[in-house]
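Please open the model in the viewer and keep the sequence at hand. The tour proceeds by selections, each followed by what is found there.

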Amino acid sequence: MTYPSFSAGDILTAADMNAVGLWLVKTQTVGTAVSSVQVTDAFSSTYNNYIITWVDGTCSASASMTLTLGASATGYYQFLNYGAVTASTPLGAGRNNAASWAWVGGATAGQAGHVRCEVFGPNLARYTKLIGGPYQNDNAYGTTVGEHRVATAYTAFTLAPDSGTMTGGTIRVYGYRN
Amino acid sequence: MTPEEYKTLYPQDSVYIQVDDTERTMTDDEYEAWVAEGVYNSNHPLP
């Protein structure tokens with residue numbers, strides 16, 4: 001058969017399934033008025049690299065979404081390139097050994113929020129890379145890259161708005177096939 | 001925004017910490033820290 005096109009009744013062989021590059025490994029529904037959501041058993045040795053998304057929910061206030069790994073509250077480094085819709089000036093912001101990554105998503109108050117970022121190596125005992133963005137918060141939009149400079153393997157992560165609460169939507173974790 | 005205004009918007013018994021499918025309210029210490037952080041971030045948006 002021709003990848004990725006399949007027809008009804010086709011037999012999926014191991015070779016076919018092993019060619020699937022991205023796999024949904026965890027889904028978590030977000031409750032109402034939560035300050036943070038921790039997703040456990042998200043990362044494992046099955047995959048080295050992951051995509052994390054949150055869609056179809058809202059934030060109570062215009063906010064940047066933050067991400068932490070396990071219980072780690074230190075060692076987060078990051079830079080954000082961003083701009084405002086009202087100007088063409090490129091702007092930047094950094095986080096230097098912070099308690100979390102920020103800017104992995106965002107929301108305008110009462111409107112749909114989002115998270116979309118990649119984490120490379122969270123379940124390996126080495127620094128974890130963040131390939132993040134797009135970031136949005138009211139009139140600011142940007143992209144970000146970061147690193148968690150703690151050589152520890154994690155299985156869980158936490159998403160939280162930096163102000164107010166989040167409600168609804170679904171967090172999904174996808175693993176890139178090694 | 002002041003901490004008092006923030007607490008009025010987000011009473012302690014109406015905000016939850018979620019772990020997987022389990023939700024709980026915050027302890028007093030957790031709530032005070034969360035309020036302080038939220039107020040700071042609300043008052044210091046990106047320039």
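How many residue pairs are in polar contact between chain A and chain B? Between chain A and chain B there are 14 such pairs, both residues at pLDDT 80 or more; a polar contact is a pair of N or O atoms within 3.5 Å, where within protein one must be able to donate a hydrogen and the other to accept it, and residues adjacent in sequence count only if both atoms are side-chain atoms.

This is a predicted model, in which local features need pLDDT of at least 70, side-chain atom pairs count only at pLDDT 80 or more, and totals for chains, interfaces and linings use all residues. Residues are numbered from 1 along each chain as its sequence is written, chains are lettered from A and ligands numbered from 1 in the order in which they are written, and side-chain values use heavy atoms, with hydrogens and water left out.

Next, select A:Lys26 and B:Asp20, whose side chains form a salt bridge at 3.6 Å, N to O (a side-chain nitrogen of Lys or Arg within 4 Å of a carboxyl oxygen of Asp or Glu). The count between the two chains is 1 salt bridge.

Then select β2 of chain A, which gives the most to the side touching chain B, with 6 residues (strands are DSSP runs of E, at least two residues, and helices runs of H or I, at least four, numbered from the N terminus).

Finally, select α2 of chain B, residues 28-43. B:Tyr31, B:Trp34, B:Val35, B:Gly38 and B:Val39 are buried there (under 20% relative accessible area, 1.4 Å probe, protein chains only). Seen down the helix axis, the buried residues of α2(B) fall within an arc of 130°, so they line one face (the arc is that of the directions from the axis to the C-beta atoms). They pack against β2 (34-39) of chain A together with α1 (3-9) of chain B, contact meaning heavy atoms within 4.5 Å.

Notes:
Expected span 1.5 Å × (residues − 1). Buried < 20%, exposed > 50% of the residue type's maximum accessible area, 1.4 Å probe, protein only.
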